[in-house]
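Work through the following exercises with the structure open beside you, and try each task before reading its solution.

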Amino acid sequence: MISKRNWKSAICVLTLLASAARSYILQQPVVHVEMEKAGMHRTLTYKVQFDYPLAGKDCDYMLLQPLPAGVYISTDELDDLQRLKRLSAVYPKFVNIEEATERAQPFSVLLRGVPKLMEVVTLPIHFRYHAPSDKRSTSVVAIATPELYLNCPIADNELVDNELVARPDKLYCLNAHNSRFDENIVSDREPTTIHNLERCNWKQIHVDYQLRAPLRAEIPVGNTNAYAPILYGTIILTWTMAIWTMLRTLSSSRRINQRLNEQRQLQRKVK
């Protein structure tokens, strides 16, 4: 028979365990973000860490990475990475990689994963060229830190404490067509189905971001004043090389014909 004192001890232990479990839930996810330091073609590397209560649960997360107009992605490259199961992402189906920064539009990429104690995700990106200028030789392109969204089954919603949620009163719907999240606005026209409930059950989560260096790059900008000299220089060089090639070809053909004639004459003398 358990004594009254032992009952009190057991209740205290259970209370402490419950408090400890709750303190785990309150730990913010940690996202380390790093970008390669040089070149027009770089990789963003994310190290995503979730605390123990969420790791391994039947939840999904998405990192919404906003990209400025000065950055583009190769959809073919990301398609290949998805086919090789090295990436799980939502992104625009078409991105014009030929446009200059001044004519391009910003967009977002959604990186999908499941909560783990540690997961490494990579996103290859490319910087656009800028229109030439007579006032600057470089342009700084800054990339914002990503936003984290979490979607857990309705039965596990209690795992996501309100202190982790950026806006506890808001839920978000996944807009895969535009690779973004939209605020969930209840409409009488939209049926209440399991699919709609899961699609619109995303919560924006507070994140502890850790950056080794600012996510920015200096991109060279052409000089407007150099346009005319380069244009005329290119034309002159092109015509010079074309004329030289023609003269060289004629000279070579004459030399070959001369040698052939010499061989014919030698053969006639031998006969």
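A polar contact is a pair of N or O atoms within 3.5 Å, where, within protein, one atom must be able to donate a hydrogen and the other to accept it. The model used in these exercises is a predicted one.

**Exercise 1. Overview**

Task: State how many helices and strands the protein has, and what share of its residues count as buried.

Solution: Begin with the secondary structure, which consists of four helices and 14 strands. Next, turn to burial: of the 271 residues of the protein, 33% count as buried. For the surface, the protein exposes about 18,400 Å², and carbon and sulfur atoms supply 56% of that area. Finally, consider the contacts between residues at least 6 apart in sequence, of which 79% join residues at least 24 apart.

**Exercise 2. Glutamate 119 and its partners**

Task: Find where glutamate 119 lies, decide whether it is buried or exposed, and describe which side chains it meets.

Solution: The first step is to locate glutamate 119, which lies in strand S7, residues 119-127. The second step is to compare its relative accessibility with the cut-off: buried means under 20%, and glutamate 119 has 17%, so it counts as buried. The third step concerns its side chain, which is joined to the side chain of tyrosine 61 by a polar contact of 2.7 Å, a distance that satisfies the limit of 3.5 Å. The fourth step adds a salt bridge between the side chains of glutamate 119 and lysine 116, with 4.0 Å from N to O. Lysine 116, at 39% relative accessibility, counts as partly exposed. Leaving aside neighbours within four places in sequence, the residues in contact with glutamate 119 include Tyr46, Lys47, Val48 and Tyr61.

**Exercise 3. Two aromatic pairs**

Task: Classify the ring pair of phenylalanine 50 and tyrosine 61, and then the pair of tyrosine 149 and tyrosine 172.

Solution: A pair of aromatic rings is described by the distance of the centres and the angle of the planes. Rings pair if their centres lie within 6.5 Å; planes under 30 degrees apart count as stacked, over 60 as edge-to-face and the rest as tilted. By this rule the count comes to four aromatic pairs. For phenylalanine 50 and tyrosine 61 the centres are 5.3 Å apart and the planes stand at 45°, so this pair is tilted. Phenylalanine 50 sits in the loop between strands S2 and S3, whereas tyrosine 61 belongs to strand S3, 11 residues apart, and the pair thus links distant parts of the chain. Both phenylalanine 50 and tyrosine 61 are buried.

For tyrosine 149 and tyrosine 172 the centres are 5.5 Å apart with 80° between the planes, and the pair is edge-to-face. Here tyrosine 149 is in strand S9 and tyrosine 172 in strand S10, 23 residues apart. Tyrosine 149 has a relative accessible area of 4%, so it is buried, and tyrosine 172, at 9%, also counts as buried. Together with Phe181 and Trp202, Tyr149 and Tyr172 form one aromatic cluster.

**Exercise 4. Salt bridges**

Task: State how many salt bridges a search of the whole structure finds, and describe the one within helix H2 and the one that involves lysine 170.

Solution: The search finds five salt bridges. In one of them, aspartate 80 is bridged to arginine 83, with the closest N and O atoms 3.7 Å apart. Both residues lie in helix H2, three residues apart, which is about one turn of the helix. Aspartate 80, at 38% relative accessibility, counts as partly exposed, while arginine 83, at 59%, counts as exposed.

In another, the side chains of lysine 170 and glutamate 183 meet at 2.9 Å, N to O. This pair links distant parts of the chain, since lysine 170 is in the loop between S9 and S10 and glutamate 183 is in strand S11, 13 residues apart.

**Exercise 5. Two positive phi values**

Task: Describe the phi of lysine 85 and of serine 179, and decide which of the residues is buried and which is exposed.

Solution: Lysine 85 has a phi near 60°, a positive value in a residue other than glycine, and lies in the loop between H2 and strand S5. Serine 179 has a positive phi of about 45°, and its place is in the loop between S10 and S11. With a relative accessible area of 76%, lysine 85 is exposed, whereas serine 179, with 1%, is buried.

Methods:
Residues numbered from 1 in each chain as written. Predicted model: local features only at pLDDT ≥ 70, side-chain atom pairs only at ≥ 80, totals over all residues. Heavy atoms only, no water. Phe/Tyr/Trp six-rings, centres within 6.5 Å; stacked < 30°, edge-to-face > 60°. Helix = DSSP H or I, 4+ residues; strand = E, 2+ residues; numbered from the N terminus. Buried < 20%, exposed > 50% of the residue type's maximum accessible area, 1.4 Å probe, protein only. Contact = heavy atoms within 4.5 Å. Areas by Shrake-Rupley, 256 points an atom, 1.4 Å probe, with all protein chains shown as cover.
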